[in-house]
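Please open the structure in a viewer and keep the selection panel at hand. The tour proceeds by selection: at each stop, choose the residues named and look for what is described.

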Amino acid sequence: MNELVETFARNAAAAGFVVHRVAAPELPGAGVSRAAYGIAATGSVVVASSPDEPRSRHLLPEVHVSLLRQDAVVPDLAALFAALAGKLPSALAIVTGPSRSADIEQRLVVGVHGPREVHVVIE
Amino acid sequence: MSFPVLDEHRLAATDAATLRLLNGRIEAWAQLDDVEDLRERAHAIRMAAIDDLDAHLDRFVSALEAAGGRAHVCATAEEARATVVRICLESGAKLAAKSKSMLSEEIGLNAALEAAGVGVVETDLGEYILQLAGEHPVHIIAPAIEKTADDVAALLSAVDGAPVEPRLEALAQAARRQLRRVFEEADVGITGANFAVCETGSICLVTNEGNGGLVTALPRVHVALLGIERVVPTLDDLSVLLQLLARSGTGQTLTTYTRLLTGPRRDGEEDGPDEVHVVLVDNGRTNLRRGRYREMLACIRCGACLNVCPVYRKAGGGAYGPVYSGPMGAVLVPLLRGLEREPHLPHASSLCGACTTACPVKIPLHELLLDLRRDLVGEEIVSRRERLAFTLWSLLWSRPALYRLSTALGRLGRPLGAIAGPGRTWAVGRALPPLARRRYRDRA
């Protein structure tokens with residue numbers, strides 16, 4: 001696997017994603033999205049709204065899975081925006097880990113409004 | 001003027017939270033190859049937008065309209081409030097779900113909506129807690145910094161009508177359940193805007209909880225409040241600022257959800273708003289556009305200056321006023337509202353310069369504070385008596401003979417000072433220190 005994808009996998013794990021390299025896990029009730037891009041530098045998945053990808057799909061379920069093709073991994077934010085070439089969907093979400101808050105006593109808690117568990121499957 | 005004093009608990013909470021945030025920033029900055037270069041670039045990008053603000057706003061509005069959104073330009077807080085209320089009423093809204101927006105605090109939006117019969121619920125966890133408590137944010141990115149788990153449990157229990165345990169997970173789950181209903185029932189989603197991108201007409205919105213996504217996915221109407229200075233020319237410029245925003249605010253490489261919203265839902269999409277309204281708010285920002293304070297418009301509201309400020313960390317956000325606090329608030333609020341209405345704020349600083357060092361967009365905050373103090377004197381906002389006292393003092397102490405005379409008089413007058421003259425007020429409850437018999441300079 002190439003270096004960019006390795007960097008993505010490392011940073012995604014650090015950001016709180018469960019990273020899968022082979023097949024999608026069996027997770028009943030999970031929302032599943034096709035990620036348009038992955039960002040290696042930050043370990044983020046990029047979800048673009050479309051008729052097949054509602055804005056709320058990666059937010060409403062407790063568990064969410066993103067499917068990411070290896071060739072959709074870009075180095076960084078600047079490369080993502082260059083790849084989009086000014087053509088933006090109505091909502092572009094750059095997701096870096098599970099929903100989290102530190103609003104109570106600055107202690108981290110996950111799954112506040114969005115999913116508490118996030119997976120990414122590198123295909 | 002009275003300032004609320006932090007009790008021990010609040011002081012400890014503020015101290016611990018700001019320390020964590022500032023250490024987070026330092027670590028996150030250290031991970032960048034060349035943070036100084038990035039800060040310089042960020043500064044240049046912000047200033048380029050501000051120097052030619054009208055042209056940038058025109059470009060943003062054209063691109064927004066091309067994407068199907070509507071722009072509303074508002075000169076004052078009153079106009080902005082009225083605009084949002086009108087949009088809500090015209091769409092027949094009963095309930096608005098809000099994502100965190102300091103600008104909405106600045107213009108006092110919630111009270112206006114409620115007065116017009118539109119219910120409004122804050123959905124950021126910290127803001128929700130404060131709304132339940134009937135309080136204002138004390139930190140621009142960690143609004144409920146002073147609340148404990150027990151405080152939060154009491155507030156959430158009152159909503160449920162049943163006790164919620166003061167465990168962190170239980171509290172988060174209770175808030176999730178209470179607010180999920182709000183997302184689903186709300187007719188309007190109201191958000192702020194971290195940035196507006198001129199080339200695409202997009203609003204950039206960052207949240208860690210995901211509430212920014214839900215309020216712009218489920219309600220029929222999206223209203224975004226945008227400070228007119230928050231425009232960024234291109235997506236490439238945005239990428240520079242995004243690399244600094246979360247790192248400087250919380251120490252994250254990116255905020256969990258970084259969202260670019262470009263117009264309403266498109267054909268075939270099953271969620272997203274039918275209408276997108278961007279309310280561009282001036283509310284005093286034009287005052288800053290010319291002259292030396294224009295750099296303050298570069299602020300990206302990360303909160304880094306609050307976390308390092310010795311005054312903020314000991315006094316707490318409540319001491320500054322209801323909206324912006326810390327060094328950025330002490331500079332911005334007098335400029336937005338008028339120095340004569342906020343003459344105390346420029347003094348809420350030790351001028352140590354920690355804020356300037358922490359600012360990701362290199363605003364010389366402590367220099368601006370000093371300039372504001374100069375203006376207080378120059379514009380004769382400071383009382384005549386105070387100005388006279390300092391004029392006399394500088395007159396005396398800038399001449400060696402008069403300086404010597406004054407210290408001689410001081411030695412002589414010390415016993416008298418406590419009894420009569422201006423020294424008396426100061427001496428209440430204090431022992432006046434005696435001046436040495438022999439001056440230091442005479443001992444050499």
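Select B:Lys98 and B:Glu122: B:Glu122 is the bridge partner of B:Lys98 in strand E3 of chain B. Helices (H or I, at least four residues) and strands (E, at least two) are DSSP runs, numbered from the N terminus. This is a predicted model, in which local features need pLDDT of at least 70 and side-chain atom pairs count only at pLDDT 80 or more, while totals for chains, interfaces and linings use all residues. Residues are numbered from 1 along each chain as its sequence is written, and chains are lettered from A and ligands numbered from 1 in the order in which they are written.

Now extend the selection to strand E2 (residues 95-98) and strand E3 (residues 119-122) of chain B, which run parallel and are joined by 4 bridges. Two strands pair if DSSP finds at least two bridges between them. E2(B) also pairs with strand E4 (residues 188-191) of chain B, in the parallel sense and over 3 bridges. To find this pairing, select B:Ala97, which stands opposite B:Gly189 in E4(B).

**Strand E10 of chain B**

Next, select residues 275-281 of chain B, which form strand E10. Are the residues of this strand mostly covered or mostly open? E10(B) is mostly covered, with 6 of its 7 residues buried. A residue is buried if 20 or more other C-beta atoms, placed from the backbone, lie within 10 Å of its own C-beta atom; it is exposed if 12 or fewer do, and partly exposed in between.

Add strand E1 (residues 70-74) of chain B, which pairs with E10(B) in the parallel sense over 5 bridges. Here B:Ala71 stands opposite B:Val278. Then add strand E7 (residues 221-227) of chain B, which pairs with E10(B), again in the parallel sense, over 7 bridges. In this pairing B:Val223 stands opposite B:His277. While these strands are displayed, one may recall that in a regular strand the side chains alternate between the two faces of the sheet.

**A loop residue beside chain A**

Select B:Gly272, in the loop between E9 and E10 of chain B. Why does B:Gly272 count as buried? It does so because B:Gly272 has 24 C-beta neighbours inside 10 Å. Two residues are in contact if their C-beta atoms, placed from the backbone, lie within 7 Å. Beyond its neighbours within four places in sequence, B:Gly272 is in contact with residues including A:Ser49, A:Arg55, A:Ser90 and A:Ala91, as well as B:Pro264. Select B:Thr216 too: B:Gly272 and B:Thr216 are 56 residues apart in sequence, but their C-alpha atoms are 6.1 Å apart in space.

**Where the two chains meet**

Show both chains together. Their contact takes 35 residues from chain A and 54 residues from chain B. On the side of chain A that touches chain B, the elements giving two or more residues are H2, strand E7 (91-95) and strand E8 (100-101) of chain A. E7(A) gives the most, with 5 residues.

Select E7(A) with strand E9 (residues 257-261) of chain B: the two pair in the antiparallel sense over 5 bridges. A:Leu92 stands opposite B:Leu260 in this pairing.

Then select helix H2 (residues 77-84) of chain A and helix H11 (residues 235-249) of chain B, whose axes come within 9 Å and cross at roughly 155 degrees. Axes are lines fitted to C-alpha atoms, for helices over the stretch in contact, and angles run from 0 to 180 degrees between N-to-C directions. H2(A) and H11(B) are therefore roughly antiparallel to each other, a term used for angles over 145 degrees. The contact is made by A:Leu77, A:Ala78 and A:Phe81 of H2(A) with B:Leu235, B:Asp236, B:Ser239, B:Leu242 and B:Gln243 of H11(B).

**The sheet of chain A**

Finally, select the open sheet of chain A, in which 4 strands are paired in parallel in the order E1-E10-E5-E2. Its edge strands are E1 (17-20) and E2 (31-34), each of which pairs on one side only. The twist averages 20 degrees from one strand to the next. Within the sheet, 6 bridges join strand E5 (residues 63-68) to strand E10 (residues 117-122) of chain A, and A:Val65 stands opposite A:His119. Add helix H1 (residues 3-15) of chain A, which packs on the sheet and touches E1 and E10 of chain A.

Note on methods
Angles under 35 degrees count as roughly parallel, over 145 as roughly antiparallel, 65 to 115 as roughly perpendicular and the rest as oblique.
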